[in-house]
Amino acid sequence: MVRKQEKQMDRYGLVGKDISYSFSKDFFTTKFKDEGINNTYYENFDIQNIAEFPSIINKNIKGLNVTIPYKELVIPYLDKIDRKAKKIGAVNTIKISKKGKLKGFNTDYYGFKKTLEPYIENHHKRALILGTGGASKAIAFALKKMKIKYAYVSRNPSKETTFNYTSLTENDIKNHQIIINCTPLGTFPNTEEYPNIPYLAITKQHILFDLIYNPLETKFLAFGKSKNATTINGLNMLKLQANKAWKIWNS
């Protein structure tokens, strides 16, 4: 009887590595309960290598979210990719058709843009994106749509990075009024970690946005708060991108 019930359930889930910290499962489980969505289950697919990805796909899975470190690595496993996700170069949402075809989307940019927009003032002209992973690409796409100039900060110099952490100066911080942490530094359980930037240069004119939502206030945000900067964690972005993903799965 248990096996028969499992086959009838619609399954969704999160694909990532070491994702026990994620709120996604709790978010969707609560959503299903509150909205009376029955015979539907959301689970974590914690895989250590992207090569394991095909093994989790079966006919009961209707959709997947994708998180660190697979937002770019998953793309070769997809049958199609949405136009915006293709431009971004990263996927965080996968819709699986009745025929088993996988189509990739990106809802991160939507969640970030909708969360940041209410805080933008005239002096917010430039942004620093900390990190160059899949999440950072969605952030860059959103900033471009908002006509905010941006530069990448990374540990290792490359064609797309303007700064590395050792070369970043207080003047660079002053010239960029929005700073977005797209690295995993500070994520539970490693809550004492933070990006190494010149925090002394941060002022009340700055916005510090951390894509991390567990904990709700990272060291990165706490440093910003101590300088009277506007601080935003990733929880609202998570909710917005998750609800957008749900619409995609059920469209």
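At what angle do the axes of helix α4 and helix α8 cross, and within what distance do they come? The axes of α4 and α8 (residues 235–249) cross at roughly 135 degrees and come within 8 Å. Two packed helices are described by the angle between their axes and the distance between the axes.

This is a predicted model, in which local features need pLDDT of at least 70 and side-chain atom pairs count only at pLDDT 80 or more, while totals for chains, interfaces and linings use all residues. Residues are numbered from 1 along each chain as its sequence is written, and side-chain values use heavy atoms, with hydrogens and water left out.

**The helix pair**

Axes are lines fitted to C-alpha atoms, for helices over the stretch in contact, and angles run from 0 to 180 degrees between N-to-C directions. Helices (H or I, at least four residues) and strands (E, at least two) are DSSP runs, numbered from the N terminus. α4 and α8 are oblique to each other, a term for angles that are not under 35 degrees (roughly parallel), over 145 (roughly antiparallel) or 65 to 115 (roughly perpendicular). On the α4 side, the contact (heavy atoms within 4.5 Å) involves D108, Y110, G111, F112, K114 and T115. The α8 side contributes N236, M237, L240, Q241 and K244.

**The six-stranded sheet**

An open sheet has six strands in the order β9-β8-β7-β10-β11-β12, and its pairing is parallel. Two strands pair if DSSP finds at least two bridges between them. At the edges stand β9 (161–164) and β12 (230–232), each of which pairs on one side only. From one strand to the next, the twist averages 25 degrees. Helix α4 (residues 108–116) packs on this sheet and touches β10, β11 and β12, with its direction at about 150 degrees to that of β11. Helix α7 (residues 219–226) also packs on the sheet, where it touches β7 (126–130), β10, β11 and β12. The direction of α7 makes about 165 degrees with that of β11.

**Strand pairs**

The table sets out several pairs, including one from the sheet just described.

| Pair | Sense | Bridges | A bridge partnership |
|---|---|---|---|
| β10 (178–181) and β11 (207–210) | parallel | four | N181 and D210 |
| β1 (10–16) and β2 (40–46) | parallel | seven | V15 and F45 |
| β1 and β3 (61–66) | parallel | five | R11 and I61 |
| β3 and β5 (93–96) | antiparallel | three | L64 and I94 |
| β5 and β6 (102–105) | antiparallel | four | K95 and K103 |

Strand β1 has six of its seven residues buried, so it is largely enclosed by the rest of the structure. Buried means under 20% relative accessible area, exposed over 50%, and partly exposed in between (1.4 Å probe, protein chains only). Together with helix α2 (residues 24–34) and β2, strand β1 makes a right-handed β-α-β unit. Right-handed here means that, with the strands pointing away from the viewer, the path from the first strand over the helix to the second runs clockwise. The hairpin of β5 and β6 has five residues between its strands, and G100 there takes a positive phi near 85 degrees.

**Residue I57**

I57 lies in the loop between β2 and β3. Is I57 buried, partly exposed or exposed? With a relative accessibility of 24%, I57 counts as partly exposed. Leaving aside residues up to four places away in sequence, I57 touches L64, I96 and L102. The C-alpha atoms of I57 and S136 are separated by 27 Å, and the two residues are 79 residues apart along the chain.
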